[in-house]
Amino acid sequence: SDPGFMAWTMFFSCSIPHPCVVFRKREISNIGGYRECINHCEDYDLWLRVTQWECRSMMCLPRVGVWHRKHSQSESSMNSFMQKNESDLV
């Protein structure tokens, strides 16, 4: 649950499953919220900006909170190329 480690892992990929996140809306609004110009990796963009703002605010709890299922018709699978391109830009 080391916040610095969480920030470090985000340099390599989006290591935070979006359904597992709980945050205060006010705090996310303070850093601009989700940017409308990002279409396929808006969560990754947001988490990167959160870690730059105050990395102590991110923690990973030591338990599994959600199971993630991947399939060929998911938004992530169908737009993986676009996600990769956008994540390289953010």
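How many salt bridges does the structure hold? Three, and I get to them below, after a few words on the fold and the core. Keep in mind throughout that this is a predicted model.

1. Overall layout. Five helices and zero strands make up the secondary structure, so to speak an α-α-α-α-α chain when read along the sequence. Buried residues account for 28% of the 90 in the chain. Taking contacts between residues at least 6 apart in sequence, 62% of them join residues at least 24 apart. The exposed area comes to about 7,000 Å², with carbon and sulfur atoms supplying 56% of it.

2. The core. Twelve residues form the largest nonpolar core: Met-6, Met-10, Ile-16, Ile-28, Ile-31, Ile-38, Cys-41, Tyr-44, Leu-46, Trp-47, Leu-48 and Val-50. Helix α3, covering residues 42-54, is the biggest giver here, with five residues. As background, nonpolar side chains in soluble globular proteins tend to be buried together.

3. Aromatic pairs. I'd look at these with the rings displayed. There are two aromatic pairs in the count. In one, Trp-8 and Phe-12 have ring centres 4.9 Å apart and planes at 70 degrees, which makes the pair edge-to-face. Trp-8 is partly exposed at 49% relative accessibility, while Phe-12, at 59%, counts as exposed.

4. The other pair. Phe-23 and Trp-47 are also edge-to-face, because their planes sit at 65 degrees, over the 60 needed; the ring centres are 6.4 Å apart. This pair links distant parts of the chain, 24 residues apart: Phe-23 is in the loop between α1 (3-9) and α2 (25-30), and Trp-47 is in helix α3. Phe-23 is partly exposed, with 38% relative accessible area, whereas Trp-47 is buried at 3%. Trp-47 is also one of the core residues from point 2.

5. A nonpolar patch on the surface. Phe-5, Trp-8, Phe-11 and Phe-12 make a nonpolar surface patch of about 550 Å². Both rings of the Trp-8 and Phe-12 pair therefore turn up again in this patch. Phe-5 belongs to helix α1 and is partly exposed, with a relative accessible area of 46%.

6. Salt bridge between neighbours. Glu-27 and Arg-26 form a salt bridge, with 3.4 Å between the closest N and O atoms. Glu-27 counts as partly exposed at 25% relative accessibility, and Arg-26 is exposed at 55%.

7. The Asp-45 network. Which partners does Asp-45 share? Salt bridges with common partners join Arg-35, Asp-45 and Arg-49 into one network. From Asp-45 to Arg-35 the closest N and O atoms are 2.6 Å apart. Asp-45 lies in helix α3 and Arg-35 in the loop between α2 and α3, so this bridge ties together parts that are ten residues apart in sequence. The Arg-49 and Asp-45 side chains meet at 3.3 Å, N to O; these two are four residues apart in helix α3, about one helical turn.

8. Burial in that network. Is Asp-45 buried or exposed? Buried: its relative accessible area is 2%, under the 20% cut-off. Arg-49 is buried as well, but Arg-35 counts as partly exposed, at 35% relative accessibility. Helix α3 thus carries both Asp-45 and Arg-49, besides giving the most residues to the core.

How values were computed
Residues numbered from 1 in each chain as written. Predicted model: local features only at pLDDT ≥ 70, side-chain atom pairs only at ≥ 80, totals over all residues. Heavy atoms only, no water. Core = buried A, V, L, I, M, F, W, Y, C linked by side-chain atoms within 4.5 Å. Buried < 20%, exposed > 50% of the residue type's maximum accessible area, 1.4 Å probe, protein only. Contact = heavy atoms within 4.5 Å. Areas by Shrake-Rupley, 256 points an atom, 1.4 Å probe, with all protein chains shown as cover. Phe/Tyr/Trp six-rings, centres within 6.5 Å; stacked < 30°, edge-to-face > 60°. Patch = residues over 30% accessible without salt bridge, like charges linked within 9 Å, V, L, I, M, F, W, Y side chains within 5 Å. Salt bridge = Lys/Arg side-chain N within 4 Å of Asp/Glu carboxyl O.
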